[in-house]
Amino acid sequence: MRNFSTKMIVEAGVLIALAQILSYVKIYESAYGGSVTAGSMIPILFFAVRWGWQRGIVVGAVYGALQFILGAKYSFSPLSIFLDYIAAFGALGLAGVMKATRPGILVGTVIGVAGRFIAHLISGVVIWASYAPKGMNPWVYSIVYNASYLVPELIISLFLLGLVAKPLIEKYKLGV
């Protein structure tokens, strides 16, 4: 983590900005936060695959902080800010644990989005449980609520990354 080159920092800034712009293109928005976008997680996932999971987590967390600063509508506590923004988007960096091959990029995407889902799931149970319909288990509510936007977002990300994985690997000499 010591060697944050200028090239890597510039690329991180550009990809965070691209992710932020894509996050404004919403296909569906949930009532209390969370949305399906035009692939807003892809730049962060790509960064993680290109530069590794540790740097990916840092860049994802910075993106999460930016998401909070520029548009948080639903946050009631520091724990909510941490779980729903910093940890959730930081977890996207886990995509970098896989090798930069087409299957590796796709499996890494699933791992990163699963990490984000877990952060939101915990937040849903710990912080947002009171929003569950009367008599509904908070775990079930949190799973259903968060899956309602993260599963479609995952499908979009897998589809688009599947299309561009080979050219990205070749262009950036990933996995070499």
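This passage describes the packing of helices H2 and H6 and the cavity beside some of their residues in a predicted model. Local features need pLDDT of at least 70 and side-chain atom pairs count only at pLDDT 80 or more, while totals for chains, interfaces and linings use all residues. Residues are numbered from 1 along each chain as its sequence is written, and side-chain values use heavy atoms, with hydrogens and water left out.

Helix H2 (residues 42-51) packs against helix H6 (residues 138-171) at an angle of about 40°, and their axes lie 11 Å apart. Helices here are DSSP runs (H or I, at least four residues), numbered from the N terminus; axes are lines fitted to C-alpha atoms over the stretch in contact, with angles running from 0 to 180 degrees between N-to-C directions. H2 and H6 are therefore oblique to each other, a class left over once angles under 35 degrees (roughly parallel), over 145 (roughly antiparallel) and 65 to 115 (roughly perpendicular) are set aside. On the H2 side, Ile42, Leu45 and Phe46 meet Ser157, Leu160, Leu161 and Leu168 of H6, contact meaning heavy atoms within 4.5 Å. The residues of this contact comprise six nonpolar, one polar and no charged (nonpolar: Ala, Val, Leu, Ile, Met, Phe, Trp, Tyr, Cys and Pro; charged: Asp, Glu, Lys and Arg; polar: the others, Gly among them).

Turning to the lining of the largest cavity (a set of points on a 1 Å grid over the protein atoms alone where a 1.4 Å probe fits but cannot get out; lining residues have an atom within 4 Å of a point), the residues are Leu45, Phe46, Val49, Ile105, Thr109 and Leu161. H2 gives the most to this lining, with three residues. Five lining residues are nonpolar, one is polar and none is charged.

Key: Helices (H or I, at least four residues) and strands (E, at least two) are DSSP runs, numbered from the N terminus. On a 1 Å grid over the protein atoms alone, a cavity is a set of points where a 1.4 Å probe fits but cannot get out, and a pocket is an open set with protein on both sides within 12 Å along at least five of seven lines; lining residues have an atom within 4 Å of a point.
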